[in-house]
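Me: I would like to work through a structure feature by feature, with the general idea given before the particular case. Could we begin with a single residue and widen the view from there?

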Amino acid sequence: MKKYDVVIAGAGNAGLSAAIQMALAGKKTLLIEQHNLPGGCASSFRRGRFEIEPSLHELCDLGPADNPGDVRTIFDAYGVKVDWIKVPDCFRVISTYSDGTPMDVTMPSGVQPFIDQMEVYVPGSRAKMTELFDLFEEVLDGISYITASAGHADSNVLKAKYPNMLRTGAYPTQKVFDALKLPKKCQDILAVYWSYLGVDMEHLAFIHYAAMVHKYVSRSAYIPKHTSHEISTAMTERFRELGGEIWFNCRAEQFLFDGDRLCGVKTSMGDVACDYALANINPDILYGKMIPKELIPEREKKLSAARDGRFGARMFTAYFCLDCPAEALGIKDYSIFLPKSSDSAKEYRDIMGGMATNDYSIFLCYNIANPDISPEGTCICSFTTFGSPVDWNGLSDKDYVKFKNDVARKFLKSLKDKAGIDLAGHIEEVAVATPWTFARYLGTPEGAVYGHETADWDGMMARMMMLSTDYPVKGLRPIGAAGPRGDGYSAAYICGQLVAKLALKDLAEGGKQ
């Protein structure tokens, strides 16, 4: 067997991040990936003359060079170079307010412009919005402190510097909004971002919501110039420059143990020996199929049972490549959220009721931010919503194509009815990715790319505080969407680095946990 210090299974965002961190630390590192390309969702695919972004809407927590977020800081430390493009605004939302009146709102980036524009839509809201963003900033600073402490945060420091984070962080966002007496129309507008985390405002922990929204507003959002495949390729090249080794078309099949300590990985290309492994694999698969039953930690059994049925977002995305420029169709906004109402809890219930009741989608036109993303005189758009098991429980194989095409038509009708934008007659290429697509491509249960819901007792703060306890499997840690930072691109990069640092600490202590 070949021998490595560390083997990382899965070259998704978290796996790539962890691999570079290990290589920078001088560890002989092997990264294995069952696909022939790196990145997982961070990739691209072609239809005709178009190269299409499969999943990334926009990346938060990158920030400009003079105000870097955690992701830019990580990439700079890694030496990863990507051509970034700033997204012009935060979002446009077309829906209805809680009082039933129409809502058509466009919110800019930048804290002060955001607050100023909210004052235009909701006169008299400035003081409360300023108070809210002050709280957002304290929460973000507190999270950074907890992350830096790897779960060993000093309670006295938390109470002295971040008291309001402690008071509000674990409560549902809706309760915090109500406690702050935030005007209801402000709440309706701010609720838009719930879908980016896949948890409605009545169950989404305020600490998670606050961190994300503050990052989007204060530092703007960014996209790579050449789709997210550019990010994955740049990270792969950097890992190799640092001496890392990658095996593509190689599947991790089982983790091997000497007694109760990991000693290697069985792969489709043979066994490899290692002192440590990081698994960018859903925990249900990791513990259910890939380690000996007697070594499955009792806490993980209980956690899996408690999470049963609590999978996060199961993505359903339709991509449309058009034979005319965006302006010819009246498209002016990069992203338009198209919920039926501003009641996130009701929207989530309707989504989980299946496509019969799901009237939620997010429309994107990539050319608004990046005019060169497609051939001259064309544009690329996408619609995204969530899928539900209700949709496929009784669906036969032969009905699959009809079903997904019906959903794509529903997207087109929604955009025309709500925004007056008609794409029909200009569609040159179309592709539809369902939860089955993501399940097959990524190996995630039910196509749940976000792992388990970061909701209620299983929120981000609870997951981060678990880092202070020793991990129960010696020499093995999971990373990715099921990790402490939850879901999304930014969270995956941060999680990969964070867990890699914890693994390095274990190795420095002689592999003892």
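Reply: Let us start with Lys128, which lies in helix H4, bearing in mind that the model is predicted. Lys128 counts as partly exposed, at 28% relative accessibility.

Me: Which residues does Lys128 touch, once those up to four places away in sequence are not counted?

Reply: Lys128 touches Leu180, Lys181, Leu182 and Pro183 on that count. For one of these, Leu180, the C-alpha atom is separated from that of Lys128 by 7.6 Å, although the two residues are 52 apart along the chain.

Me: Lys181 appears in that list, so I would like to look at its backbone; what is the phi of Lys181?

Reply: The general idea is that most residues other than glycine have a negative phi. Lys181, which is not a glycine, has a positive phi of about 55°. Lys181 is placed in the loop between helix H7 (173-179) and helix H8 (184-190), and with a relative accessible area of 64% it is exposed.

Me: Where is Asp456, whose phi is also to be read?

Reply: Asp456 is in the loop between helix H17 (435-442) and helix H18 (460-465). Its phi is near 55°, again a positive value in a residue other than glycine, and at 37% relative accessibility Asp456 counts as partly exposed.

Me: Returning to helix H4, how should I read its packing with helix H3?

Reply: Two packed helices are described by the angle between their axes and by the distance between those axes. Here helix H3 (residues 111-121) and helix H4 (residues 126-148) pack at an angle of about 150°, and their axes are 9 Å apart. Angles over 145 degrees count as roughly antiparallel, and H3 and H4 are therefore roughly antiparallel to each other. On the H3 side the contact is made by Val111, Gln112, Phe114, Ile115, Asp116, Met118 and Glu119, and on the H4 side by Arg126, Met129, Thr130 and Phe133. The crossing in which H3 passes H4 is right-handed.

Me: Are helices H1 and H11 roughly parallel or roughly antiparallel?

Reply: Helix H1 (residues 13-24) packs with helix H11 (residues 227-241) at an angle of about 25°, with the axes 9 Å apart. H1 and H11 are therefore roughly parallel to each other, and H1 passes H11 in a left-handed crossing. The residues that meet are Leu16, Ser17, Ala19, Ile20, Ala23 and Leu24 in H1 with Ser232, Met235, Thr236, Arg238 and Phe239 in H11.

Me: Which residues have the most contacts inside the largest nonpolar core?

Reply: They are Phe91, Phe114, Met129 and Leu278, in a core of 124 residues. Helix H19 (residues 489-508) gives the most to this core, contributing ten residues. Two of the names have already come up, since Phe114 and Met129 take part in the contact between H3 and H4. As for Phe91, leaving out residues up to four places away in sequence, it touches Val105, Thr106, Met107, Phe114, Ile189, Val192, Tyr193, Ser335 and Phe337.

Me: How many disulfides are there?

Reply: A disulfide is a covalent bond between the sulfur atoms of two cysteines. The count in this model comes to zero disulfides. Cys90 is in none, the nearest cysteine sulfur, that of Cys60, being 11 Å away, and Cys90 counts as buried at 3% relative accessibility.

Me: Why is Cys324 not bonded to Cys379?

Reply: The sulfur of Cys379 is the closest cysteine sulfur to that of Cys324, but at 5.6 Å it is too far for a bond. Cys324 is buried, with a relative accessible area of 8%.

Me: Let us finish with two more residues; is His57 buried or exposed?

Reply: His57 is buried, with a relative accessible area of 11%, and its place is in the loop between strand S4 (50-52) and helix H2 (70-78). Apart from neighbours within four places in sequence, His57 is in contact with Tyr196, Ile223, Tyr334, Ile362, Leu364, Tyr366 and Thr384.

Me: And where is Thr385 placed?

Reply: Thr385 is in strand S16 (residues 379-386), and at 2% relative accessibility it counts as buried. Beyond its neighbours within four places in sequence, Thr385 has contacts that include Arg314, Met315, Phe316 and Phe411.

Key
Residues are numbered from 1 along each chain as its sequence is written. This is a predicted model: local features need pLDDT of at least 70, side-chain atom pairs count only at pLDDT 80 or more; totals for chains, interfaces and linings use all residues. Side-chain values use heavy atoms; hydrogens and water are left out. A nonpolar core is a set of buried Ala, Val, Leu, Ile, Met, Phe, Trp, Tyr and Cys residues joined through side-chain atoms within 4.5 Å. Buried means under 20% relative accessible area, exposed over 50%, partly exposed in between (1.4 Å probe, protein chains only). Helices (H or I, at least four residues) and strands (E, at least two) are DSSP runs, numbered from the N terminus. Contact means heavy atoms within 4.5 Å. A disulfide is a pair of cysteine sulfur atoms within 2.5 Å. Axes are lines fitted to C-alpha atoms, for helices over the stretch in contact, and angles run from 0 to 180 degrees between N-to-C directions. Angles under 35 degrees count as roughly parallel, over 145 as roughly antiparallel, 65 to 115 as roughly perpendicular and the rest as oblique. A crossing is left-handed if the near helix is turned anticlockwise from the far one by less than a right angle, and right-handed if clockwise.
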